[in-house]
Amino acid sequence: MTHLVRPVREADLDPLVALAEGAGKGLTTLPANPDTLRARIARSTAAFGRNSADRQETESFLMVLEDADTGRVCGTSGVYVGVGREAPFWNFRRSIHSHFCTELGIRVDSTVLMLANDYTGATEVGTLYLEPDSRVNGNGSLLARARYLLMASAPARFGDMVIAELRGWLDETGNSPFWQAVGHHFFQMSFDRADYLSGTGQGGFIADLMPKFPIYADLLPEAARKVIGLPQEASRPAFHMLVKEGFRTSHSVDIFDAGPVLEAHPRDLATIRDSRERTVAAVVPDTADDLHDHLACVPDLARFRAARVRLRRVSQETVEVSQTAAALLGVATGDPLRCVGC
């Protein structure tokens, strides 16, 4: 099967809701709410269609993975510009407080969690979800790296800091030990309810109810302390992909489940750093010699598509693409193509 990543469309609402329902709890940016998702589709459509290199701090780009043979939508990913500009983007900043008693020769280092808005204005990559049956043949990597090809195609429209927030660790019953130890006491609601309100743009309760004073992690139950900064098992492949791409773990965690927040500068991300924009010199038969697999995209955001395709580089400026690749991406001789080795 051949897959491509493309901008979400209005007709994708029902499969997007189905994906959100399949993703389960914790994926805040993909709530199973048709009205919220309809609004996000509209915002994404406007962002992809805007013909300007100027940055708009509240833009968001939502993409889907499509089975090109059947047209079925089987995954999603997104890029959010200027998080925290419309509503506060909260996280816990972890720091070490050291206490000394010279007279007794005692030193105590304590991990402290402080409510913060450190990433206001950053660009967030997220909403990465792939239905289980489609987690084959590098589809997850394609869906994730398409976000960086998008950013490389219009760098001025994205921030100088890129972050990724992963779902935190859950126990065998699906509960978050950190939520039970912290959020549950302050919000007086279930994790699912808090996550749903946050994901549907109703996150004002966070500032109203969360404690403004530091939380000493040493005072939390051991089960909660152990999971601070740990991704849940289902998110570990995404965590490793992010690290491989060039992200690094930060001192911040999610306020609900203590999932890790990773950060990077765009120039440090491998797909952005190594990709190049070239011109299609010719469309050649699929049986042509010296065709190799590459990740490629149409750099015009209004026509953006990304896929793993077969092509060969003719010079520093030009490539030849297979007929299948040309049809999949909708390109012809003379069109620009941004590509990177797989």
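**Figure 1. Surface and overall dimensions of the predicted model.** The accessible surface of the protein comes to about 15700 Å², and 50% of this area belongs to carbon and sulfur atoms. Accessible areas come from the Shrake-Rupley method with a 1.4 Å probe, and for residues only the protein chains shown count as cover. This is a predicted model, in which local features need pLDDT of at least 70, side-chain atom pairs count only at pLDDT 80 or more, and totals for chains, interfaces and linings use all residues. Residues are numbered from 1 along each chain as its sequence is written, and side-chain values use heavy atoms, with hydrogens and water left out.

Of the 342 residues in the protein, 52% are buried (buried: under 20% relative accessible area; exposed: over 50%; partly exposed: in between; 1.4 Å probe, protein chains only). The C-alpha trace spans about 80 × 45 × 40 Å along its principal axes. The radius of gyration is 22 Å, which agrees with the value near 20 Å for a compact globule with 342 residues; this radius is taken over C-alpha atoms, and the globule rule is 2.2 Å times the number of residues to the power 0.38.

**Figure 2. Secondary structure, contacts and charges of the protein.** The protein has 11 helices and 15 strands; helices (H or I, at least four residues) and strands (E, at least two) are DSSP runs, numbered from the N terminus. Among contacts (heavy atoms within 4.5 Å) between residues at least 6 apart in sequence, 71% join residues at least 24 apart. The mean positions of the 36 positive and 43 negative charges are 3 Å apart. Lys and Arg count as positive and Asp and Glu as negative, while His and the chain ends are not counted; each charge is placed at NZ of Lys, CZ of Arg, CG of Asp or CD of Glu.

**Figure 3. Close-up of helix α1, residues 13-23.** Leu13, Leu16, Val17, Leu19, Ala20 and Ala23 are buried. They cover an arc of only 160° around the axis, which puts them on the same side of α1; the arc is that of the directions from the helix axis to the C-beta atoms. Asp14 and Glu21, on the other side of α1, are exposed. The cover over the buried residues of α1 includes α2 (34-49), β2 (60-67), β3 (73-80) and β6 (123-130). Gly24 follows α1 and has a positive phi, near 75°.

**Figure 4. Close-up of Asp35 in helix α2.** Asp35 counts as exposed, at 56% relative accessibility. Asp35 and Leu13 are 22 residues apart in sequence, and their C-alpha atoms are 9.5 Å apart in space.

**Figure 5. Close-up of helix α9, residues 236-245.** The buried residues of α9 are Ala238, Phe239, Leu242 and Glu245. They cover an arc of only 130° around the axis, which puts them on the same side of α9. His240 and Lys244 are exposed on the other side of α9. The buried residues of α9 pack against β6, α3 (139-153), β7 (162-165), β9 (248-253), β10 (260-264) and α10 (270-274). Just after α9, Gly246 takes a positive phi of about 130°.

**Figure 6. Close-ups of Thr127 and Asp290, each with a positive phi.** Most residues other than glycine have a negative phi. Thr127, in strand β6, has a phi near 55°. Thr127 is buried, with a relative accessible area of 2%. Asp290 has a phi near 65° and is found in the loop between β11 (276-284) and β12 (292-297). Asp290 is exposed, with a relative accessible area of 55%.
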